[in-house]
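Reader: I'm new to this, so could you walk me through a structure and show me how the labels are earned?

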Amino acid sequence: MNLLRKLLLPLVPLYYLGAFFNKKLYDWGLKASKSFDFPVITVGNLSVGGTGKSPMVAYITSLLYNEINIATLSRGYKRKSKGFKLVTKESMALEVGDEPLQFKLNFPEITVAVDADRKNGITKLINSNTDIELVLLDDAFQHRKVKAGLQILLTAYGNLYCNDMLLPTGDLREPRSAANRADVIVVTKCPQEISFNEMNAISKSLKPKSDQKVFFSYIAYDNQVFGDNSRESLKDYLRKKFTLITGIANPKPLVKFLRKNKGNFNHISFPDHHNFTDKELERIAEEDRILTTEKDFMRLCNIVSLKNKLMYLPIRCAFIEKGKEFDDIIQSYVKNKTS
């Protein structure tokens, strides 16, 4: 915690009061939450920063991809456009956001849209495509205008919400008690070698309700890197020096993974969802071999000066144990809502 955030500690009670009264307005029915007669799943968190929401949305999409017509709805963070917008394979990241574009390119058959107003976005999605059977809401745990049928709350292993505090001193957007709204809690970005005893201790510290399930997941890295029209084994790619470019909330796990695999690289880090300036792009283009994340690739792949030198390393969400139980919860919810 830096000094400035410590100095802002007196503002935390004010933030708490704002969040508390907003919650009560929904609890008392003074603000309305809309339910829908089809499956709506929310993937979100209590904190600012990355908890692995996009890999989780991709995981659920992969699970149901061949069974049901899916739509994903995101805010489209840092996009230049406003309001509701459908994402196509020809969309630009600046126009729709990097993660929605990534969803569309990875799952071309699904409907992908962006709208900061999730209630409006769902309505327009259904009006534009009556075949949609499931809407996946990315980063919408705080958007209570919509009452999702299944709420999945993520918390990162290195920054558990039970050990955090509210903004502006901490990273929480809501009080820790907001976790009670979740149906499922997933501790993400765990070390693969995490012990049963540690998982048990974390579960106890989260203090889940009796009807809440707690799962543990980790980030699995692909064994290949990809470019526009090329691919190479990660092992071969790491044999030569390269520059790692990241614009994500927490690049430390990726850096650790590449170091562990004996990668020789220089790391240039930018803020999450960073929109690169011309000067920054000129600096990046000076590098001969560039590796980045798939999310960052969405914002960099159309830069002419980076063609033939830019590659990305895909990631996916994987469960440490009880993965089938998690899958069953998702599939049972969808089946019950559509039967």
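**Strand S2 and its neighbours**

Author: Sure. Ile 70, Thr 72 and Ser 74 point one way from S2, while Ala 71 and Leu 73 point the other way, and all of them are buried. Keep in mind that this is a predicted model.

Reader: What makes S2 largely enclosed?

Author: Count its residues. S2 covers residues 70–74, and 5 of the 5 are buried, so the strand is largely enclosed by the rest of the structure.

Reader: How do you know that S2 pairs with S5?

Author: Pairing takes at least two bridges between the strands. S2 and S5 (residues 134–138) are joined by 4 bridges and run parallel, so they count as paired. In S5, Leu 137 is the bridge partner of Leu 73.

Reader: And which strand has a residue opposite Thr 72?

Author: That's S4, where Val 112 stands opposite Thr 72. S4 (residues 111–114) also runs parallel to S2, with 4 bridges joining them.

**Strand S13**

Reader: Why are both faces of S13 called covered?

Author: Look at each side in turn. Ile 290 and Thr 292 are on one side of S13, Leu 291 and Thr 293 are on the other, and all are buried. S13 pairs with S11 (residues 242–246) in the parallel sense over 3 bridges, and Ile 245 stands opposite Thr 292. S13 also pairs with S14 (residues 310–313), again in the parallel sense, over 4 bridges. There, Leu 291 stands opposite Met 311.

Reader: What makes a right-handed β-α-β unit here?

Author: The pieces are S13, helix H11 (residues 294–300) and S14. The hand comes from the path: with the strands pointing away from you, going from the first strand over the helix to the second runs clockwise in a right-handed crossover.

**Buried residues**

Reader: Why is His 273 called buried?

Author: The cut-off is under 20% relative accessible area. His 273 has 7% relative accessibility, so it counts as buried. His 273 lies in the loop between strand S12 and helix H10. Its contacts, leaving aside neighbours within four places in sequence, include Tyr 77, Asp 98, Lys 295 and Arg 299.

Reader: What about Val 334, buried or exposed?

Author: Use the cut-off of under 20% again. Val 334 comes in at 6%, so it counts as buried. Val 334 is found in helix H12. Beyond its neighbours within four places in sequence, Val 334 is in contact with Pro 39, Ile 41, Leu 64, Ile 68 and Leu 134.

Reader: Asp 327 is in helix H12 too. How do you know that it has no salt bridge?

Author: A salt bridge needs a side-chain nitrogen of Lys or Arg within 4 Å of a carboxyl oxygen of Asp or Glu. For buried Asp 327, the nearest side chain of opposite charge is Lys 324, 7.6 Å away. That misses the 4 Å limit, so no salt bridge is counted. Setting aside neighbours within four places in sequence, Asp 327 is in contact with Tyr 59 and Leu 63.

**The nonpolar cores**

Reader: What makes Ile 60 stand out in the largest nonpolar core?

Author: Of the 49 residues in that core, Ile 60, Ile 152 and Phe 326 touch the most other members. Helix H3 (residues 53–64) gives the most to this core, with 6 residues. Not counting residues up to four places away in sequence, Ile 60 touches Val 43, Leu 136, Ile 152, Phe 326 and Ile 330. Apart from this core lies another one, of 21 residues, including Ala 178 and Leu 206.

Definitions and conventions:
Residues numbered from 1 in each chain as written. Predicted model: local features only at pLDDT ≥ 70, side-chain atom pairs only at ≥ 80, totals over all residues. Heavy atoms only, no water. Helix = DSSP H or I, 4+ residues; strand = E, 2+ residues; numbered from the N terminus. Buried < 20%, exposed > 50% of the residue type's maximum accessible area, 1.4 Å probe, protein only. Lys, Arg positive; Asp, Glu negative; His and termini not counted. Contact = heavy atoms within 4.5 Å. Core = buried A, V, L, I, M, F, W, Y, C linked by side-chain atoms within 4.5 Å.
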